Structure formats: structure tokens, C-alpha cells
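Biologist: Could you take me through this model, and give the reasoning behind each label that you attach to it?

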Amino acid sequence: MGVSISVLASGSRGNSAIVASSRAKILVDAGISCRETVQRMRATGDDPRTLSAILITHEHSDHIYGLAVLARKFHVPVFMTEATHQAWARALRDDAGEFPQLARLEIFSASRCFQVGDVEVSPFTIPHDAADPVGLTFRAEGIKVGIATDLGYMPPNVCDRLRGCDVLVVESNHDLEMLRVGPYPWSVKQRVGSPTGHLSNDKLAKFFSTEYDGTASYIVLAHISEHNNHPELARGTAEKALGLRQTLLHNRVMLAKQSGPMEAIQL
Ligand SMILES: [Zn+2]
Ligand SMILES: [Zn+2]
């Protein structure tokens, strides 16, 4: 059956993706409601009752919004780092000061790989303004998938970890000029453009034209801002940077969407 990747939702109103091998199905982030996650999985021919695990990259609401309900309803183990778990629990504390509980919680460390079924998961630290944010790579059946969104820049450790990927899901958040003249208050613009904010089209293009090793059959541009970017602008900037590298023949660029699931990638 091989490995499949489907991005169910991507952007500041919710992020969620599925990485599946023939023996494990992992939901990466749960940033849309349980109901919406179920609907989008069913629309792509998938069954939420077959989820093996939910992995959380960081505690921002666009990555955890549907988590508690999804985990409870489908009795799925949830993997996150200790600091992310604490930040999540603090944010969801109720009026009586009670912390939310996850029936099946698995703590991982950003420096250690672990297994979910036959999938080897390797987390790595990314520069973002959350408690302990991570990017992830997955290896199964000879295929490597990399996911790196919500990062202010591409430090050397991230470039290293993204080498050798067959599928690369990577952030192309904003166009610098659109962010500058766009509707956000100045403080939010500062945050988005900071080294612990989000990756601009230009910073991603620089990665493609310098550090990127060109191994991916598919590149998915993700977390594209609805206010400070345009999908075709993100695509054009990425394709231009990739096009300057004449040796990169197979790098098909796809766009992850906020409004609905992207067509699944099968390898
Ligand atoms: Zn996000
Ligand atoms: Zn974030």
C-alpha cells in the first residue's frame, strides 16, 4: 500500500494532516474541530476510527482546537512534549482550576525518535513562539516525509533534518510586501515576521535555492496566510527558486488549503 499524506486543513484557522503507512495512521495536529476532521477524513475516503495516534507540534490553538474531543471520541493516544502538554493543559484549565485530562498521553522529547506502528517519527526543534515547538519527519516503507510549518526561519538543524525527504510539507506563510501593507496591527506584523514567527515566501525560496537537496517528489506549501499572501504568489516564488536549480526535475509543487482537504499524495 505504501505511504500516503493528506493535508486536511492548513492555515491560521486550523492545521491537520494525515501520514499513513500500511500499518499506522497518524494525525499530525488537530487544529480543526472534531466534526470537521471527521468530515474531511471521510471526504478523502478515510475512517477516523482507524487512527493510530495524534501528534501535536505545539500548543497554538490552530494546532490543538479539536484535540480533546477527537482523542476522547476515538480513544486515540496523543503524543506531545512535556512542555507542550503543560502549556495546552494551562490554556484549557476550567473555571474551577481543573486541568483537562487525556486518557492516553504519550510524552516525547524533541531530541528523540520514536515509533508509531511501523512509522519511525523524528521530532526536531523549530524556532517559533510556543513552549516547545517541533517539526517532524516520518520514515516508513523506505519513504521519508518531512513536515515543518510555524517557524520564523530555517536554521541549520532544520535544513539538515529535511534532507532526503520524498514529500516535504513546508511553510510559505506570507509575502513580505503584503504583510507590510496588510490589515494586521503593527505588533502582530512584528510577531509574524520575527525569527520565532512564520516563514515568508522569500525565506522559503532562499532555502530552496541554497540548502534544499532536491530529493522530494512532492513539495506541499502550507500555512499560507489568507490575509498576507496569495496561493499563486507562494507557488510562483517557490517554483522560481526551484527552477533556478536545473537539476530538480521531480519537485511537483502543491498547495495546502484552509477550506478543504488537499488531494492525497500516494507513494
Ligand atoms: Zn500555526
Ligand atoms: Zn504556531
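Modeller: In this predicted model, Asp 150 bridges the zinc ion (ligand 2) and the zinc ion (ligand 1), which lie 3.5 Å apart. The zinc ion (ligand 2) is coordinated by His 58 (NE2), His 60 (ND1), His 128 (NE2) and Asp 150 (OD), at 2.2 to 2.5 Å.

Biologist: Why is the site of the zinc ion (ligand 2) called irregular?

Modeller: The angles among its four donor atoms run from 91 to 171 degrees. A tetrahedral site needs all angles between 85 and 135 degrees, and the upper value lies outside that range, so the tetrahedral label is excluded. The site is classed as irregular.

Biologist: How do you know that Asp 150 is buried?

Modeller: Buried means under 20% relative accessible area, and Asp 150 has 0% relative accessibility, so Asp 150 counts as buried. His 58, at 1%, counts as buried too.

Biologist: What makes the pair of Phe 208 and Tyr 212 edge-to-face?

Modeller: Planes over 60 degrees apart count as edge-to-face; the planes of Phe 208 and Tyr 212 stand at 70 degrees, with the ring centres 5.4 Å apart, so the pair receives that label. Tyr 212 is buried, with a relative accessible area of 2%, and Phe 208 is buried at 0%.

Biologist: Why is the pair of Phe 207 and Phe 208 called tilted?

Modeller: Their planes are at 45 degrees, which is neither under 30 nor over 60, so the pair is tilted. The ring centres of Phe 207 and Phe 208 lie 5.7 Å apart, and both residues are buried.

Methods: Residues are numbered from 1 along each chain as its sequence is written. Chains are lettered from A and ligands numbered from 1 in the order in which they are written. This is a predicted model: local features need pLDDT of at least 70, side-chain atom pairs count only at pLDDT 80 or more; totals for chains, interfaces and linings use all residues. Side-chain values use heavy atoms; hydrogens and water are left out. Donors are N, O and S atoms within 2.8 Å of the metal (3.2 Å for Na, K and Ca); water is not among the atoms, so sites may look incomplete. Four donors count as tetrahedral if all angles lie between 85 and 135 degrees; four count as square planar and six as octahedral if opposite donors are over 155 degrees apart and all others between 65 and 115; anything else is irregular. Buried means under 20% relative accessible area, exposed over 50%, partly exposed in between (1.4 Å probe, protein chains only). Rings of Phe, Tyr and Trp (its six-membered ring) pair if their centres lie within 6.5 Å; planes under 30 degrees apart count as stacked, over 60 as edge-to-face and the rest as tilted.
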